[in-house]
Amino acid sequence: MSSIATYYNGKSVLVTGATGFMGKVLVEKLLRSSPDVKAVYILVRPKAGQSMQERVVDMVKCKVFDKVREGWPNFHEKIKAVNAELTQPNMAISPEDTQELLSEVNIVFHCAATVRFDEPLKLALLLNVMGTQQLLVLARQMQNLEAFIHVSTAYANCNRRHIEEVIYPPPVEPKKLFDLVEWMDESLIQEITPKLIGDWPNTYTFTKALTEYLVQQEKGNLNVAIIRPSIVGASWQEPFPGWIDNFNGTSGFLIAAGKGIIRTVKCNLDAVADIIPVDVAINLTLAAGWYTAVHRPKSMIIYNCTTGGINPFCWGEMETYVIATYKRNPLEKAFRIPSANMTSSDLIHQYWTTVSHRVPALLYDLYLRLTGRKPRMMKIFNRLHRTMTLLEYFTSRTWEWNSDNVNMLMSQLSPKDKKLYCFDVRQLHWSEYIENYCLGTKKYLLNEDMAGIPAAKQHLRKLRNIQYAINTTLLVIIWRVFIARSQMAQNIWYFVVNLCYKFLSYFRASSTLRH
């Protein structure tokens with residue numbers, strides 16, 4: 001029997017961020033591996049015109065739950081949604097729901113956060129820091145709470161090159177920053193944000209660092225652990241290889257590369273692409289929840305959930321695997337043939353941005369205007385370039401993360417648990433994983449049928465022929481302009497044309513004789 005699965009059976013679990021990418025995978029794994037779990041409470045707020053109930057219905061319909069649904073059609077009965085808003089006083093939870101949570105919940109998994117790098121500082125503080133503070137206030141009142149697991153990010157302390165599994169003191173006390181932004185005008189906060197965040201690259205990583213410190217300061221007597229995943233990517237094995245449900249970060253760029261929209265990326269080819277499969281991060285999170293509740297460590301444990309120090313994989317390798325996969329399994333209606341130029345040179349990147357991005361986008365938008373349609377390609381490129389600029393910090397650097405606590409936790413697992421809750425990334429084969437990741441973007445994000453691959457390949461051949469025709473036309477135009485000014489060039493031109501004519505004549509004559 002699995003010790004971890006057995007532990008969660010009969011327990012009531014509270015999950016924040018359950019409608020998000022990691023949250024969905026956590027809820028699915030919990031229900032699939034511990035079907036006798038008493039209840040899974042999820043805090044959900046209305047969003048984008050959808051009510052709390054509508055969002056929960058959409059969540060349980062998600063493909064990620066297909067395996068659970070096959071053997072347990074009524075699995076959703078275990079999920080109990082609670083209307084909540086982490087940034088509001090008492091999280092805007094009704095007194096009845098609050099009382100139920102206080103008396104029932106045994107484990108809390110706090111996954112909710114804004115992951116936007118360019119989030120305004122005040123909003124990032126509200127969602128990431130104050131939201132966690134509100135949850136801790138509730139958790140300290142829970143009568144049967146055994147563990148509180150906070151999901152942070154490995155980049156919370158990205159201003160350091162070597163990151164231990166410890167809490168680093170922030171540059172400012174969270175409470176002082178709350179007081180400061182509370183009375184300030186939004187425009188003034190935006191103006192001083194670069195000075196406030198210092199050598200952190202964005203408000204996301206800065207507020208995550210503040211949140212870790214706040215958890216340490218305000219946890220009280222709670223048994224707490226912090227999980228720090230790096231760049232969370234598609235699933236490795238569970239619930240099925242390559243599952244992904246959002247266009248954030250790496251996933252969006254894979255699709256843009258597969259569609260032929262992106263042709264150049266500025267990064268350090270030798271820098272480690274520290275991608276962690278979502279199922280690995282969730283397996284570690286559930287194992288940490290079990291260990292924290294059962295063994296009750298004397299101090300809070302932090303787990304650096306990364307791959308770079310154990311099974312490193314570089315951005316340069318990713319370029320090769322991604323382009324090869326999309327050529328074998330092309331996306332439908334590609335804009336251009338998949339190709340990529342990854343460089344650390346700003347000059348080369350700017351050149352390719354102009355030649356491969358801006359000029360084609362302008363020409364395509366001109367074509368759309370002439371045919372009476374709305375231009376859109378330049379907007380797409382501008383949006384992608386803004387995102388690339390935000391990610392450049394992470395694609396041009398390599399960090400060293402200590403993983404002693406992760407190794408310690410792995411040593412505490414039984415052979416059964418090591419298999420059922422696998423987070424040993426030494427077993428990960430990157431070429432296979434990246435191929436499944438690319439296929440996952442095709443199947444789960446774009447909802448494309450694999451049966452359409454022959455037609456997609458035919459479309460790529462058509463694009464290749466168009467590219468050859470354009471290149472040939474440009475070559476002829478340039479050559480003719482050059483010929484008009486040089487007698488030597490004219491002689492070379494006529495010699496080449498004559499040679500081609502003789503070759504074609506010989507080929508035609510040979511074909512006639514054979515028949």
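**A colleague's note on this predicted model**

1. Let's start with the cysteines. With a disulfide taken as a pair of cysteine sulfur atoms within 2.5 Å, the count for this protein comes to zero disulfides. Cys305 is a good example: it takes part in no disulfide, and the nearest cysteine sulfur, that of Cys422, is 11 Å away. Looking from the other end, the sulfur of Cys422 has its closest cysteine sulfur in Cys305, and at 11 Å that is too far for a bond. As for exposure, Cys305 counts as buried with 3% relative accessibility, and Cys422 counts as buried with 9%. Please keep in mind throughout that this is a predicted model.

2. Now a step back to the whole protein. There are 515 residues, of which 51% count as buried. The secondary structure comes to 19 helices and 13 strands. Taken along the principal axes, the C-alpha atoms fill a box of roughly 90 × 55 × 45 Å. Among the contacts with a separation of 6 or more, 83% come from residues 24 or more positions apart.

3. Cys305 turns up again in the interior. The protein has one cavity of 30 Å³ or more, and about 60 Å³ of space lies in this largest cavity. Cys305 is one of its lining residues, together with Ile276, Val280, Leu284, Asn304, Thr306, Ile310, Ser403, Val406, Phe423 and Val425. Helix 11 (278-295) and strand 11 (301-305) each supply at least two residues of that lining. By class, the lining has eight nonpolar residues, three polar ones and no charged ones.

4. There is also an open space to look at. The second largest pocket holds about 870 Å³. It is lined by 24 residues, and the closest to its centre are Phe335, Arg336, Pro360, Gln467 and Ile470. Which helix gives the most to this lining? Helix 18 does, with eight residues. Both helix 13 (346-370) and helix 18 (453-483) supply at least two residues. The lining of this pocket divides into 14 nonpolar, six polar and four charged residues.

5. Helix 3 (residues 52-61) is worth finding in the viewer. Its residues Met52, Arg55, Val56, Met59 and Val60 are buried. They cover an arc of only 130° around the axis, which puts them on the same side of helix 3. What lies over that buried side of the helix? The cover for the buried residues includes helix 2 (21-33), strand 2 (39-44), helix 4 (66-71) and strand 3 (79-83). On the face turned away from the buried side you will find the exposed residues Gln53 and Lys61.

6. Last, a glycine in a loop. Gly249 sits between strand 8 (231-233) and helix 10 (250-258). Is Gly249 buried, exposed or partly exposed? With a relative accessible area of 32%, Gly249 is partly exposed, since buried means under 20% and exposed means over 50%. Gly249 can also be placed relative to Gly233: the two are 16 residues apart in sequence, and their C-alpha atoms are 8.8 Å apart in space.

Terms used
Residues numbered from 1 in each chain as written. Predicted model: local features only at pLDDT ≥ 70, side-chain atom pairs only at ≥ 80, totals over all residues. Heavy atoms only, no water. Buried < 20%, exposed > 50% of the residue type's maximum accessible area, 1.4 Å probe, protein only. Helix = DSSP H or I, 4+ residues; strand = E, 2+ residues; numbered from the N terminus. Arc of directions from axis to C-beta. Contact = heavy atoms within 4.5 Å. 1 Å grid on protein atoms, 1.4 Å probe; cavity = no way out; pocket = protein on both sides within 12 Å on 5 of 7 lines; lining within 4 Å. Points joined across faces, edges and corners; volume = space filled by probe spheres on them. Nonpolar A, V, L, I, M, F, W, Y, C, P; charged D, E, K, R; others polar.
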